[in-house]
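Trainee: Before I rely on any of the labels used for this chain, I would like to go through the reasoning behind them.

Mentor: Then let us look at it together and take the labels one by one.

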Amino acid sequence: MPSSPFAFSSQKQVVLFLFFLIQTPLLSQVLVHQEPRHCPVFENKEIRILNVEFPPGDTTLYHVHTTPSVFIHFTSTAVGSQLKGASEVNAESIAGDIVVEDLSGDNIRTHRVWNRDKSDFHVMDVELLYKDFDLEENPLDLPDLNLEIDTTWVRVYRLNLEAGKEFQLEKPKQSFLLVSLQDASIQNEKAQNQDLKPGSFIAVPRKKKFSITNSGSQAAEMVLLEFPAK
């Protein structure tokens, strides 16, 4: 006796339901640069810069970190996070904190993050895309520059530039990334003025002279990332 059209339709619905049930977690898990709140703002062969900023109560999708990364925090914000399959964890993001993590290989991390505070959450994720490069040059020894994190694949310096003072790099073999931690006004080597906000950045190519002068009335605090020479 043939099955009724109703029974056949119900079986199809069950199969489709199970298919979408299985697919939903996969669809909600994306690479970090594809997560809507992680906005790519710059990319070359060496780095990808993601600006991460979202309001109170908002939560990211589950996303996957697969590269060594530098995280620069611009706000002091109460946040929460959850590794895939683990319990929720509360934490505090502190403005000015810098964290370097190797999230490649066995350290790949899949998680989601939410803002449990009353103000916006803002952080920068600098993904290190290059492979098999080592920092062979000695660390920079320059006025107003302090080495904070030293690894074989990235160095992190903190630059405190008083009003009216100049900072310069003389055609280095390495490339750099300068990131402002606060509102600041600078003048570059071409006498061009630029207003910076927290998260404003300047990519410094290798073998190029670079200089800035703090043209504001207050000291400016910035982060300088040093990448390996090719």
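The conversation below sets computed values against the cut-offs that give each label its meaning.

Mentor: Please keep in mind throughout that this is a predicted model.

Trainee: Why is leucine 103 called buried?

Mentor: Its relative accessible area is 3%, and buried means under 20%, so leucine 103 meets the criterion. The residue lies in the loop between β8 (98–101) and β9 (109–115).

Trainee: What is leucine 103 in contact with, leaving aside its neighbours within four places in sequence?

Mentor: Leucine 103 is in contact with His65, Thr66, Thr67, Pro68, Ser69, Phe71, Ile108 and Arg109, where contact requires heavy atoms within 4.5 Å. As for valine 64, which is 39 residues away along the chain, its C-alpha atom is separated from that of leucine 103 by 9.3 Å.

Trainee: Why is aspartate 144 called partly exposed?

Mentor: Aspartate 144 has a relative accessible area of 23%, and because partly exposed covers the range between the 20% limit for buried and the 50% limit for exposed, that label applies to aspartate 144. The residue is found in the loop between β10 (121–128) and β11 (145–150), and its phi is near 70 degrees, a positive value in a residue other than glycine.

Trainee: What makes β1 and β7 edge strands?

Mentor: The open sheet has five strands in the order β1-β4-β9-β6-β7, with mixed pairing. Within that order, β1 (29–31) and β7 (88–93) each pair on one side only, and they are therefore its edge strands.

Trainee: How do you know that β1 and β4 pair?

Mentor: Pairing requires at least two bridges, and three bridges join β1 to β4 (residues 62–65), so the two strands count as paired, and they run parallel. In β4, valine 64 is the bridge partner of leucine 31.

Trainee: What makes a group of residues a nonpolar core, and which residues have the most contacts inside the largest one?

Mentor: The members must be buried nonpolar residues joined through side-chain atoms within 4.5 Å. The largest such core has 19 residues, and Val70, Ile72, Val126, Leu177, Val223, Leu225 and Phe227 have the most contacts inside it. Strands β3 (47–54), β5 (69–73), β10, β14 (176–180) and β19 (220–226) each supply at least two of its residues, with β10 giving the most, three residues.

Trainee: Which residues does leucine 177 touch, not counting those up to four places away in sequence?

Mentor: Leucine 177 touches, among others, Ile47, Ile49, Val126, Phe201, Val223 and Phe227.

Methods:
Residues are numbered from 1 along each chain as its sequence is written. This is a predicted model: local features need pLDDT of at least 70, side-chain atom pairs count only at pLDDT 80 or more; totals for chains, interfaces and linings use all residues. Side-chain values use heavy atoms; hydrogens and water are left out. Helices (H or I, at least four residues) and strands (E, at least two) are DSSP runs, numbered from the N terminus. Buried means under 20% relative accessible area, exposed over 50%, partly exposed in between (1.4 Å probe, protein chains only).
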